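Here is a guided walk through one protein model, written for someone meeting such a model early in their studies. Keep the picture open beside the text and look up each part as it comes along.

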Amino acid sequence: MEKDNTITKKDHEKILEFVLTKKDEINVDLPIVKGYDFNKGIDFEKIMKKYLYQGFQSTNLGLAIKEINKMLHWRLSDEPIPKDEEGELADPEFRKTVKCTIFLGFTSNMISSGTRELLRFIVQHNLVSAIVTTGGGIEEDIMKCFSPTYHGDFELKGNLMRKKGLNRIGNLIIPNKNYCEFEDWLLPILGKMLKEQKEDGVKWTPSKMIHRLGLEINNEESVWYWAAKNNIPVYSPAITDGSIGDMLYFFSYNNPGLVLDVVEDVIAINKLSAAAHKRGMIIIGGGLVKHHICNANLMGGGADFSVYINTAIHYDGSDAGATPDEAVSWGKIHHKAKPVKIFCEATLVLPLIVAETFAKYVHKQKKLLKNTNEKEENKENKKENKEEKVKKENNKEKKFDNIHSSLIDYLSTKNKEEEEEEEEN
Ligand SMILES: NC(=O)c1ccc[n+]([C@@H]2O[C@H](COP(=O)([O-])OP(=O)(O)OC[C@H]3O[C@@H](n4cnc5c(N)ncnc54)[C@H](O)[C@@H]3O)[C@@H](O)[C@H]2O)c1
């Protein structure tokens, strides 16, 4: 017999109930999802502002920009002076000069690609306190001072390239010739370093070696030149894992004895974190650079501001993919912090991030300096209006700070029906 599938009015009401469940209004003040309207013309400032409101990774990009700006603008004077504070730390004027200690980390390929120029800008303007990178990043910055890296293709065949003496990094090409030039430049410097170690008792560490390479290259295009000039320490505990390692091996065959002490460097980076009043970390890519910075931040009680940018996922248990919350469990990020991870390929977002943070910071300071003596009333009025607008925008953005906890609170509150049901039982 055929089944009767007739739907009664009562059935229909039940189905509607299944599909629509409760119809409560959300009574949490949440930001609204909205993108840019191109009917208003093409205004990159406004397009950038909308990233925060678009959802998915673009919201994470917006949040990362906010987080980096917090690192850049924080001053000790933002915090109340503890009653028992003594010496210069009790002086409000001195407190205005104490900044957040910012750790910047990036994988070697960030130097292979054009993001090198963005990183150079940050270092040139002395906007971070310490850098961690891997060996490839050290050598390729120097190599680019002699010869360029070229565009290729992700699909170029390895055997054909090998025959031509070309090496591939993704869709970039570095000719073997570039490594030969680097070798010719580096070997005499290694000779001088060995001599100084033997004769003057210099104790070399990877960071001291990178400082020396920055001074020797003496080229304003180089990230390490600016790091040396601004005395920004560059830590690279695995500096030997790349061409520099090959050179050290070849060099040591005829000139044995050069030592690089990684212990002195790990002590230095940990001390920097422990002594900081506020800690921020910007980590581009994963692996060594990510863990080394996170671990140093543990020594200071955890990072207060954190931004991760990487493509790695957490379900394989890798450190590269570990979420910021995993770092909270280890004490590497402070439990009160609001860390951000952008899941994406870094070259896509770094120009936008630098434009909205470091570059704006530098250019605003330059402008401020220029305007110090110009007091035009009109301009002031306009500025006030703009400040009001910015204040309004900041208030709107503040809603993002507590989305998760407000929603958890909201979702855990019982609605009327649930309360009635409980009372009946
Ligand atoms: N140009 C080079 O990449 C190069 C050159 C010479 C030697 N090496 C050596 O290779 C070793 C491994 O390199 P590494 O530790 O610098 O990092 P890696 O290239 O192994 O990357 C580590 C992780 O970072 C993330 N990541 C990398 N590139 C990214 C990107 N563009 N966008 C978003 N996420 C990204 C990925 O999750 C990746 O698994 C190092 O010891 C390094 O010295 C690298």
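Let us begin with a single pair of residues: His151 has Leu172, a residue of β5, as its bridge partner. This is a predicted model, and the pair is a handy place to start exploring it.

**The small sheet**

Two bridges connect β3 with β5, a strand that covers residues 172-175, and the two strands run antiparallel. They belong to an open sheet of three strands, ordered β3-β5-β4, with antiparallel pairing. At the edges lie β3 (150-151) and β4 (166-169), each of which pairs on one side only.

**The whole chain**

Stepping back, you will find 19 helices and nine strands in the protein chain. Its C-alpha atoms fill a box of roughly 95 × 75 × 50 Å along the principal axes. The chain has 425 residues, and 30% of them are buried. Now consider contacts between residues at least 6 apart in sequence: 75% of these join residues at least 24 apart.

**Around the ligand**

Which residues come nearest to the ligand? Of the 23 residues around it, they are Thr107, Gly136, Asp241, Gly285 and Ala312. Sorted by class, this shell holds six nonpolar, 14 polar and three charged residues.

Several helices contribute to the shell. The table lists those that each supply at least two residues.

| Helix | Residues | Supplied to the ligand shell |
|---|---|---|
| α5 | 109-112 | at least two residues |
| α7 | 135-143 | at least two residues |
| α16 | 346-371 | at least two residues |

The largest share, three residues, comes from α7. Is this helix mostly covered or mostly open? It is mostly covered, with nine of its nine residues buried. Among them are Gly135, Gly136 and Gly137, along with Glu139, Glu140 and Asp141. You have already met Gly136 as one of the residues that come nearest to the ligand.

**Two crossing helices**

A pair of packed helices is described by the angle between the axes and the distance between them. Try this on α2 (residues 44-54) and α3 (residues 56-73): their axes come within 6 Å and cross at roughly 115°. The crossing is left-handed. On the α2 side, Tyr51, Leu52 and Gln54 take part, and they meet Ser58, Thr59, Leu61, Gly62 and Leu63 of α3. By class, this contact has four nonpolar and four polar residues, and no charged ones.

Key:
Residues are numbered from 1 along each chain as its sequence is written. This is a predicted model: local features need pLDDT of at least 70, side-chain atom pairs count only at pLDDT 80 or more; totals for chains, interfaces and linings use all residues. A residue is near a molecule or strand if its C-beta atom, placed from the backbone, lies within 6 Å of it. Helices (H or I, at least four residues) and strands (E, at least two) are DSSP runs, numbered from the N terminus. Ala, Val, Leu, Ile, Met, Phe, Trp, Tyr, Cys and Pro count as nonpolar, Asp, Glu, Lys and Arg as charged, and the others, Gly among them, as polar. Two strands pair if DSSP finds at least two bridges between them. A residue is buried if 20 or more other C-beta atoms lie within 10 Å of its own, exposed if 12 or fewer, and partly exposed in between; C-beta atoms are placed from the backbone. Axes are lines fitted to C-alpha atoms, for helices over the stretch in contact, and angles run from 0 to 180 degrees between N-to-C directions. A crossing is left-handed if the near helix is turned anticlockwise from the far one by less than a right angle, and right-handed if clockwise. Two residues are in contact if their C-beta atoms, placed from the backbone, lie within 7 Å.
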